[in-house]
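Biologist: I am new to this structure and would like a close look at a single part of it. Please take me through the metal site, and then show me what else the chain holds.

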Amino acid sequence: MPPLNDDAIVLRTSDFSETSMVVTFFTRESGKITCLAKGARRLKNPFDTAFDAMNVCRILYYPKSGDVLQLVTEAKLTERFRVDSTVAIYAGFHVVQLLNHFTENFSPQTALFDLTKIILNDILSLDPICRSASLEDPPEKLSRCLLHYELRLLQLVGVAPSLRECVECGEKIEVRRGARRAAFGMREGGVLCPRCRPGKTRVVSLSPEALGALQLLASPEERFWKRLQLSQKTLGEIRGVWNQYLAHQMERPVPIFQWLKR
Ligand SMILES: [Zn+2]
């Protein structure tokens with residue numbers, strides 16, 4: 001097969017031999033691919049120091065059908081993920097780890113590629129305010145940005161929870177101020193109306209403020225989620241429920257969430 005050019009986000013790398021490396025990319029046109037990069041560990045190599053996680057590059061690779069490893073022969077760095085704060089680095093790793101977990105090889109997802117690129121840029125731009133923050137207390141803007149990414153990622157891979165209508169019967173769930181707390185079924189994957197709630201296990205409750213915020217954070221439109229400002233209380237409540245849901249979807253505890261208490 002002829003070689004292909006593609007834009008690619010670096011998800012992870014590992015050493016393969018003394019001179020070579022295995023790189024997992026999320027490409028715009030072909031989705032996730034894993035490539036052998038011969039000579040990438042040599043001082044002089046054709047890869048333009050592009051292979052650090054979260055970097056975006058333009059690659060040339062030879063697709064090999066039936067093979068797990070593709071062969072990447074060229075890479076040109078287009079966007080370097082360079083940040084100073086530990087909080088921003090963790091946030092970047094969090095994004096690529098989730099993307100790696102929820103995607104399959106050769107399953108193209110252009111919208112997911114574009115979204116991830118935007119979010120990595122958002123994290124870069126938040127680096128200055130992350131410098132004075134700690135892992136236990138990340139800036140509100142960053143928490144919001146990551147929640148938006150997580151919600152949209154799950155939408156795009158088809159495992160998003162139902163946040164507006166009862167997941168069982170489709171009845172609309174009220175989020176106006178003063179409305180009662182809504183039941184959220186982890187197993188059912190979304191909110192439950194009072195009629196469908198009885199008898200369900202692993203159900204948590206959400207305040208109307210937290211549910212309303214989750215609905216806006218899940219919106220693809222920037223004007224909805226970027227203009228929000230969430231109190232510590234609401235963020236803490238959202239994280240409490242949302243981390244459980246994500247861990248449930250991932251079928252294992254998510255170590256990186258330990259620092260994302262809010
Ligand atoms: Zn119902």
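Modeller: What follows describes the metal site and then the barrel. The model is a predicted one. The zinc ion is held by four sulfur donors, the SG atoms of Cys-166, Cys-169, Cys-193 and Cys-196, at 2.3 Å. Seen from the zinc ion, the angles between the four donor atoms run from 103 to 115°, so the arrangement is tetrahedral: four donors count as such if all angles lie between 85 and 135 degrees. Along the sequence, the spacing of the donor residues reads C-x2-C-x23-C-x2-C. Distant parts of the chain are linked in this way: Cys-166 belongs to the loop between helix H3 (140–156) and strand S6 (182–185), while Cys-193, 27 residues away, belongs to the loop between strand S7 (190–192) and strand S8 (203–206). Both Cys-166 and Cys-193 are buried.

Now the barrel. Five strands close it in the order S1-S2-S3-S5-S4, with mixed pairing. On average, and ignoring direction, neighbouring strands of this sheet are turned by 50° against each other. One of the pairings joins strand S3 (residues 31–37) to strand S5 (residues 69–79), parallel and over three bridges. Leu-36 stands opposite Leu-71 in S5. Helix H1 (residues 86–101) packs on the sheet and touches strand S1 (4–15), strand S2 (21–27) and S3, its direction making about 105° with that of S1. Helix H2 (residues 110–130) also packs on the sheet, where it touches S1, S2, strand S4 (56–62) and S5. The direction of H2 makes about 60° with that of S1.

Notes
Residues numbered from 1 in each chain as written. Predicted model: local features only at pLDDT ≥ 70, side-chain atom pairs only at ≥ 80, totals over all residues. Heavy atoms only, no water. Donors = N, O, S within 2.8 Å, 3.2 Å for Na, K, Ca; no water. Tetrahedral: all angles 85-135°; square planar, octahedral: opposite > 155°, others 65-115°. Helix = DSSP H or I, 4+ residues; strand = E, 2+ residues; numbered from the N terminus. Buried < 20%, exposed > 50% of the residue type's maximum accessible area, 1.4 Å probe, protein only. Pairing = 2+ DSSP bridges. Axes fitted to C-alpha atoms, helices over the stretch in contact; angles between N-to-C directions. Contact = heavy atoms within 4.5 Å.
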